[in-house]
Amino acid sequence: MTRTEADQLVFCPLGGVGEIGMNFALYGFGPARARKWLVVDVGVSFPDAHLPGVDLVLPDTRFVESVVNDIVGIVITHAHEDHYGALLDLWPRLRKTVWMTPFTAGLLEAKRGFDGGAEIPIEIYRPGERFTVGPFDIETIAVTHSIPEPVSLAIRTPLGMVVHTGDWKIDTAPAIGPLTDEASFRELGDEGVLALVCDSTNALREGDSPSEKDVAVGLRQVIEEARGRVAVTTFSSNVGRIRSIAEAARDAGRQVLVLGSSLKRVIDVASELGYLDGLPEFVSEEGYAFIPRENLVILCTGSQGEPRAALAKLARDEMKNVALSAGDTVVYSSRVIPGNEKAILETKNLLIEQGIRIIEDGDALVHVSGHPRRNELRQMYKWVRPRILVPVHGEAAHLVAQGLLGQAEGIPEIGHVRNGDVLRLAPGAAEIVDQVPFGRICKDGKLVGSDEAMGVRDRRKLSYVGHVAVNVVLDERHELAGDPDLVAIGTARADARGALLEDLMLDAAIGAVESIPRVRRRDLDLVAEAVRRAVRAAANEAWGKKPLVTVFVTR
């Protein structure tokens, strides 16, 4: 494809920059008013206590929907939830072909079978292959990460090449999959790289990442030394870690029991693609009772303290066929995702109360990150030699740290961006030239929308102050036809002197009606608002909090 003088190459993140998770990137090529856009990754984030009841947090796609006719396709770099987890929910808004690897496609189909969702048109690529999407010539480069088939993308345009790393690290002995393809990155550097859009997750950590092989040795040692059962929890998508755990159990003379639906789905897909060949069969829950404690490893979900995951249920002794007991060991072969600290600690404390030993990364080498530390970042800079470095996939501290590292390593330009920024990569110097709408929307049950549209704001208020419903009936003379009905949910029962709060609020409601001249009671909205204010004021005086109040007035 040839270029015109008006053409620009731009990068615009809608998620994953200034935060960890919810990765959603756009590359645009063409004149400012007629760009063609490529979407790279469609990820989710996870809700905290600020979003009660919400299942997932998705990137706001208002801007993408406004240019949907100019979207040429979607490329997924790998099958982690923060890179592809929003696809089923957001694809109906985009309706474009999606390029992904066989493993990612297998997990997506398994998820669709479990959660439902539209059939998505998919083009399969394998790491190392090259294909064209609109004006973008895309080459996929194999890298190492904590999941099968992750890739970096070399995105060629008439204005230059961008290397989008996705998630990666340098591991000389991964549990599965190829090594990070140094030769291909060097070839790209020789060809000339305009910009490197690079993972910043571990940009604050000096040195090199340990290898997955070292983790396998650490897990084997822990399992061999344990006296009773060993339960290991890890990220469901980490097939290499699943293999390491299974091999360590086998070498220690133990069988493996798998608990958790997401783990089972990943294992089914990985087995079909041959990633778990040569391992002994996993045992069923029904076989648990027949295996001696010292001969069992339980591989389970719940590393982030999820209350419905297998480990949390084991900690609460809620599983039908499987239990842990004093003297057993639980291994956290995972890292803490920010925001999950409290939930994880609650599960750990329940286990400790039962006399169960906890082992985590600080006690033994049982986990390693799938992201590059500073020496690995330096190595990537030397391979590709970009003119521009754009730090992504990280919070502010990570992005700034990588920017300073790239500057110290001699990269001429650093493109500092945040979600919603449109960064022009070419022609000319890297510069933010525009901003587009961005934000977060919620998956709440079967629906997707803003927190306001999903009622989350009121739900949050309810969680703090409760709700009071009042039903007022007026007769034909606009007098009270008996005392109002009042129901309070989630409020205090009585004030400091023992007076029932419902009685105090009911008295306030009656007083509010009677204080309004009869002729003005014809305005039912006025009556309702007077009662609402009076009930909130009475609750505040007695309790110190103002509940949400809904008033119905009928005549």
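The side chains of His-83 and His-393 are joined by a polar contact of 3.4 Å. That's a handy place to start looking around this structure, which is a predicted model.

**Around His-83**

His-83 belongs to helix H2, residues 81–84. Is His-83 buried or exposed? Its relative accessibility is 2%, and the cut-off for buried is under 20%, so His-83 counts as buried. Setting aside neighbours within four places in sequence, His-83 is in contact with Asn-23, Asp-41, Val-42, Gly-43, Ile-76, Thr-77, His-78, Asp-167 and His-393.

A couple of those names are worth following. Asp-41 sits in strand E3 and is itself buried, because its relative accessibility is just 2%. Asn-23 and His-393 will turn up again in the next section, as they are among the residues that lie nearest the centre of the largest cavity.

**The cavity**

How many cavities of 30 Å³ or more does the model hold? The count comes to 1. Its volume is about 120 Å³, and 18 residues line it. Nearest the centre of this cavity you'll find Asn-23, Ala-25, His-164, Val-392 and His-393.

By residue type, the lining splits into 7 nonpolar, 8 polar and 3 charged residues. Three strands each supply at least two residues of that lining: E1 (8–15), E2 (24–30) and E3 (36–42). Which element gives the most? That's E1, with 3 residues.

**Backbone oddities**

Most residues other than glycine have a negative phi, and most peptide bonds are trans. Here are some spots in this model to check on your screen.

| Residue | Backbone feature |
|---|---|
| Met-22 | positive phi, near 60° |
| Asp-41 | positive phi, about 75° |
| Arg-95 | positive phi, about 55° |
| Ala-426 and Pro-427 | cis peptide bond, omega about 0° |

Met-22 is in the loop between E1 and E2. With a relative accessible area of 1%, Met-22 is buried. Asp-41, the strand E3 residue, is the one already met as a contact of His-83. Pro-427, on the far side of the cis bond from Ala-426, falls in the loop between E20 and strand E21 (431–435).

Arg-95 comes just after helix H3, so a word on that helix is in order. H3 covers residues 87–94 and is mostly covered, with 6 of its 8 residues buried. The buried ones are Leu-87, Leu-88, Asp-89, Leu-90, Trp-91 and Leu-94.**Cysteines**

How many disulfides does a search of the whole structure find? The number is 0. Cys-12 is in no disulfide, and the nearest cysteine sulfur, which belongs to Cys-198, is 19 Å away. Cys-12 counts as buried because its relative accessibility is 0%. Cys-300 likewise counts as buried, at 0% relative accessibility.

**Out at His-416**

Another histidine, His-416, is found in the loop between strand E19 (413–414) and strand E20 (421–426). Is it buried, partly exposed or exposed? His-416 has a relative accessible area of 46%, which means that it is partly exposed. Not counting residues up to four places away in sequence, His-416 touches Gly-403 and Ile-432. For a sense of scale, pick Gly-253: its C-alpha atom is 52 Å from that of His-416, and the two residues are 163 apart along the chain.

**The whole protein**

Zooming out, the protein has 15 helices and 26 strands. Its C-alpha atoms fill a box of roughly 90 × 75 × 45 Å, taken along the principal axes. Of its 555 residues, 54% count as buried. As for how the chain contacts itself, take the contacts between residues at least 6 apart in sequence: 71% of them join residues at least 24 apart.

Conventions:
Residues numbered from 1 in each chain as written. Predicted model: local features only at pLDDT ≥ 70, side-chain atom pairs only at ≥ 80, totals over all residues. Heavy atoms only, no water. 1 Å grid on protein atoms, 1.4 Å probe; cavity = no way out; pocket = protein on both sides within 12 Å on 5 of 7 lines; lining within 4 Å. Points joined across faces, edges and corners; volume = space filled by probe spheres on them. Helix = DSSP H or I, 4+ residues; strand = E, 2+ residues; numbered from the N terminus. Nonpolar A, V, L, I, M, F, W, Y, C, P; charged D, E, K, R; others polar. Buried < 20%, exposed > 50% of the residue type's maximum accessible area, 1.4 Å probe, protein only. Polar contact = N/O pair within 3.5 Å; in protein donor to acceptor, adjacent residues only side chain to side chain. Contact = heavy atoms within 4.5 Å. Disulfide = S-S within 2.5 Å.
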